[in-house]
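Me: I would like a close look at a single strand and its neighbours in this protein. Please go through it carefully, with the cut-offs stated.

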Amino acid sequence: MNTRGVKRRKDDIKEFSDTEPVREEETLSVYFKVSKKSSRSCLQKHSKESTDEERRQVHTSKLCRTFYDKPTEILAKELLGKLIYRVLDDGQVLCGRIVETEGYLGEIDKSCHSYGGKRTERNEPMFMVPGTAYVYFIYGMYYCLNISSQESGACVLIRSVEPLQGLDAMRLSRGKRRADGGKKLKDFELCNGPSKLCQAFCIEKANLNKEDMATSNTFWLEDDKDYLKGDITIVTSTRIGIDSYGPEWALKPLRFYILGNKSVSVKDKKVEAQLLESN
């Protein structure tokens, strides 16, 4: 994919060219003590150990395969409000609510890694069973989390998450790239962008790429029984950072977010105003 001319935002970037040099295997993880080649299970322990209560909060009612096995646009909308759980290697449990997503339609989508049926070692998770985590590395610095959907080579990018549990651990992880160690970050800023949430949840290609979220005991989604679908208003807008693929795809309304949620990365004020007027 050619991304020339796309403005790269330091902490909220989307795509990069398959022809650009990827320095992933040469880069030491900010979460791992050794090279990511060496181990999938050597996450540095956070200073705050998990409590008994946090351990008890690891639920078993994860969303099953049928939830993910649906068209991308539908899945992108239905992911909003779902709870995302991540169990760290030290047993600590992180949890947040998904508040912003983007759909990528697979082989027909010019902005998608699998456009034209392109299938590589890198994008293999996009062709795996619905509910497979696709974690990719961009610009030699960041990770993004996607979840495979029904169509061949299609997925949903998780753009933003509202942090709910394990905020101290999230702040510590985000702080590894900041001079202030994350102390100045407000709670809603911990996961308000695709790379930010990967930093906060310690999501990397080495540990969670190809993870089956329908069966995993360390990374999964659940319904929030106290957060009903009728409680949210969904804003439908255009995707971020894909202008170079032309107006046909740049203007497709495939980004969705929860109206009024502070953790959303980019708000579409025009669409929001129209929604408010119609109500």
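Reply: What follows describes one strand, its burial and its pairing.

This is a predicted model, in which local features need pLDDT of at least 70 and side-chain atom pairs count only at pLDDT 80 or more, whereas totals for chains, interfaces and linings use all residues. Residues are numbered from 1 along each chain as its sequence is written, and side-chain values use heavy atoms, with hydrogens and water left out.

The protein averages a pLDDT (the predictor's confidence in each residue, from 0 to 100) of 82, and 78% of the residues score at least 70.

Strand β4 spans residues 142–148 (strands being DSSP runs of E, at least two residues, numbered from the N terminus), and seven of its seven residues are buried, that is, under 20% relative accessible area with a 1.4 Å probe and protein chains only. In a regular strand the side chains alternate between the two faces of the sheet. In β4 both faces are covered, with Y142, C144, N146 and S148 buried on one side and Y143, L145 and I147 buried on the other.

On one flank, β3 pairs with β4 in the antiparallel sense over six bridges, where pairing requires that DSSP finds at least two bridges between two strands. Y143 is the bridge partner of F137, and in the hairpin that links these strands through three residues, Y139 takes a positive phi near 60 degrees.

Strand β5, residues 155–165, also runs antiparallel to β4 and is joined to it by three bridges, with V156 as the partner of I147. Six residues lie between β4 and β5 in their hairpin, and G153 in that turn has a positive phi of about 75 degrees.

Definitions and conventions:
Buried means under 20% relative accessible area, exposed over 50%, partly exposed in between (1.4 Å probe, protein chains only). Helices (H or I, at least four residues) and strands (E, at least two) are DSSP runs, numbered from the N terminus.
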